[in-house]
Amino acid sequence: MSNAKAIEMSGVRKSFRFFTLDDVSLELEHGQIMGLVGPNGAGKSTTIRLLMGLLAPEAGEIRLMGHAMPDSQAAAKRDVAFVSDDMRLFPHATLAWHMEFIASIYPGWDPLYAATLLKRFNLHAAQTMKGLSSGEQVKALLLLALARRPRLLVLDEPTSGLDPVARHELLTELMDVLRDDSRSILFSSHNTMDVERISDRICFIDRGRVVAASDKEDFLERWRRIQLRLPAGAALPAFAEIVRSERDGGFATLTTNRYSDELLARFASSVQTVQRMSLEEIFVATVMHNREAREALGQ
Ligand SMILES: Nc1ncnc2c1ncn2[C@@H]1O[C@H](COP(=O)(O)OP(=O)(O)OP(=O)(O)O)[C@@H](O)[C@H]1O
């Protein structure tokens, strides 16, 4: 395998009539799971469609497993499996037929693993697609993708139609896929709990722009909520490291995205509590902070 990363996007732009995805850059190393997280209409599916060569960018460069997209998509896709929740299988064909079909195209198809997934997802090979519930259809698509043993799995909202048990099973399965550390996964979601559970890297996207991207642990280490006792009449502390401050009677709650002992020392004995934040809280705070900054710049 070359030294190319699983995914490289740089300065990518794509415009629709009412929406522009702009200056999107992403990198995913082999062996890592990246969660692409954004509110409705942020540009997650558009980013994934560009990555998979289903849309052509107006600017920027995209490489998938080292292959330039969209030009070299046939070569790139040999090692990449893609599942999105709007994909449809042949309604009158059985799951067994689909499995044979995929096995005939992709030499990496692993029949034993496919049989294991059938059991784990509680699917029946003889069942036709039209007889499956929407969650079962998603599981069938995931089975067909996983059993190819691709080097990169790209999943657009894979957990959205699944119940909590099926979601748990799928996420466990995805983490299992990475036992071989040359495999990678990119998945989009608004479910920050899923993302927090399995991702190594996280990319937040909002209104067509990447607003933050980093290792998950780095996000969780840098963000904190600090509660201070505030003397009557004192102004809320204002430092570049503080992205939000709220007053509540004699207390202030500060949110920082650059937490350090040095920052804490500045508030000395007025500190009451320091709380870690969940990925969901970090996501909301990042998006709100970025929107305020863009509005201040008139964007
Ligand atoms: N083919 C298209 N023509 C015009 N506009 C489009 C097209 N595809 C996407 N858009 C617009 O681009 C924006 C981003 O859509 P996209 O599907 O990428 O968002 P998303 O982050 O995946 O959203 P969601 O979480 O709601 O699925 C939306 O405003 C959408 O209307």
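Domain bounds here come from an automatic or database domain assignment. The model is predicted: local features need pLDDT of at least 70, side-chain atom pairs count only at pLDDT 80 or more, and totals for chains, interfaces and linings use all residues. Residues are numbered from 1 along each chain as its sequence is written.

**Exercise 1.** State which domains the chain has and describe the contact of domain 1 with domain 2.

*Solution.* Step 1: the assignment gives domain 1 (7-217) and domain 2 (220-296). Step 2: their centres, taken over C-alpha atoms, are separated by 35 Å. Step 3: 11 residues from domain 1 and eight residues from domain 2 form the contact, where two residues are in contact if their C-beta atoms, placed from the backbone, lie within 7 Å. Step 4: on the side of domain 1 that touches domain 2, α7 (192-198) gives the most, with three residues; helices are DSSP runs of H or I, at least four residues, numbered from the N terminus.

**Exercise 2.** Determine whether α5 is largely enclosed or not, and name the elements against which its buried residues pack.

*Solution.* Step 1: α5 covers residues 134-146 and has 13 residues. Step 2: a residue is buried if 20 or more other C-beta atoms, placed from the backbone, lie within 10 Å of its own. Step 3: 11 of the 13 residues of α5 are buried, so the helix is largely enclosed by the rest of the structure. Step 4: these buried residues, including E136, K139 and L146, pack against β6 (80-84), α3 (95-105), α4 (111-120), β7 (152-156) and α6 (164-177); strands are DSSP runs of E, at least two residues.

Technical notes. The expected span of a helix is 1.5 Å times one less than its number of residues. A residue is buried if 20 or more other C-beta atoms lie within 10 Å of its own, exposed if 12 or fewer, and partly exposed in between; C-beta atoms are placed from the backbone.
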